[in-house]
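Colleague: I have a chain open on my screen and would love a close look at a single part of it, the centre of its sheet. Please walk me through that part and then through what surrounds it.

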Amino acid sequence: MRHIILISGKDSLAAALVQTARDDSLPYEYIFNDVGAELPETYEWIEKVKRKTGWPIKTIGRSLQARIRSYGGFLPGVKQRYCTKETKIEPTEELIGGDECTVYYGLRADVGRYIPYKDL
């Protein structure tokens, strides 16, 4: 069974730290979904996380700009959430393939204000 931990910010990093402290015997795979539109500070932060933890963090994802172009410049929004699905979720599903897997991720406590839990 694969154990994949998605890391994209402080909440998911906190979840990764807690999970690895809880059970460090599992063969975790650490993943950063890069859509190519992150601030330079985000890339610096990921490199710092790699240095501090020693974790090999694999980068996957699809270009957000390319996805927007494929929709004729139509920007994603609350009612058209194609961006996360196509740039992050689908590449993660491709990475997993048909393998049995547990995926760990961190969510902010107030995420329900922005994304209905039924859509998670």
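Modeller: Happy to! One definition first: two strands count as paired if DSSP finds at least two bridges between them. Please also keep in mind that this is a predicted model.

Let me take strand 1, residues 2-6, as our part. Strand 1 is joined to strand 4 by 4 bridges, and the two run parallel. Strand 2, residues 28-33, is also linked to strand 1 by 4 bridges, again in parallel. Ile 5 gives you a handy landmark for both pairings: opposite Ile 5 you will find Tyr 30 in strand 2 and Tyr 104 in strand 4. Next to that landmark, Ile 4 faces Glu 29 of strand 2. Between these two paired strands, the chain leaves strand 1, passes through helix 1 and arrives at strand 2, a β-α-β crossover that is right-handed.

Now zoom out to the sheet. The sheet is open, with 4 strands in the order 3-2-1-4 and parallel pairing. Strand 3 (57-60) and strand 4 (101-104) are at the edges; each has a single partner strand, so one side of each lacks a neighbour in the sheet. From one strand to the next, the twist averages 30°.

Back to strand 1 and its side chains. In general, the side chains of a regular strand alternate between the two faces of the sheet. Here Arg 2, Ile 4 and Leu 6 point one way, while His 3 and Ile 5 point the other way, and all are buried. Strand 1 is therefore mostly covered, with 5 of its 5 residues under the 20% relative accessible area that counts as buried. For comparison, buried residues make up 30% of the 120 residues in the chain.

What lies over strand 1? Helix 1, residues 10-22, lies across strand 1, strand 2 and strand 4, and it runs at about 145° to strand 1.

Helix 1 also meets helix 2, whose buried residues pack against helix 1, strand 2 and strand 3. Helix 2 (residues 40-53) spans 20 Å from its first C-alpha to its last over 14 residues, close to the 20 Å expected at 1.5 Å a residue. Its buried residues are Thr 42, Ile 46 and Val 49. Because these cover an arc of only 60° around the axis, they fall on the same side of helix 2. Turn helix 2 over and you find Pro 40, Glu 41, Glu 44, Arg 51 and Lys 52 exposed on the other side. After helix 2 comes Gly 54, with a positive phi near 80°.

One more neighbour is worth a click, back at Arg 2 in strand 1. Asp 99 and Arg 2 are 97 residues apart in sequence, yet 7.2 Å apart in space, C-alpha to C-alpha. Asp 99 sits in the loop between helix 4 (82-96) and strand 4, and with a relative accessible area of 42% it is partly exposed.

That pair fits a wider view of the chain: among contacts with a separation of 6 or more, residues 24 or more positions apart account for 68%. As a map for your own browsing, the elements run β-α-β-α-β-α-α-β from the N terminus on, giving 4 helices and 4 strands.

Note on methods: Residues numbered from 1 in each chain as written. Predicted model: local features only at pLDDT ≥ 70, side-chain atom pairs only at ≥ 80, totals over all residues. Heavy atoms only, no water. Axes fitted to C-alpha atoms, helices over the stretch in contact; angles between N-to-C directions. Contact = heavy atoms within 4.5 Å. Buried < 20%, exposed > 50% of the residue type's maximum accessible area, 1.4 Å probe, protein only. Right-handed = clockwise from strand over helix to strand, strands pointing away. Expected span 1.5 Å × (residues − 1). Arc of directions from axis to C-beta.
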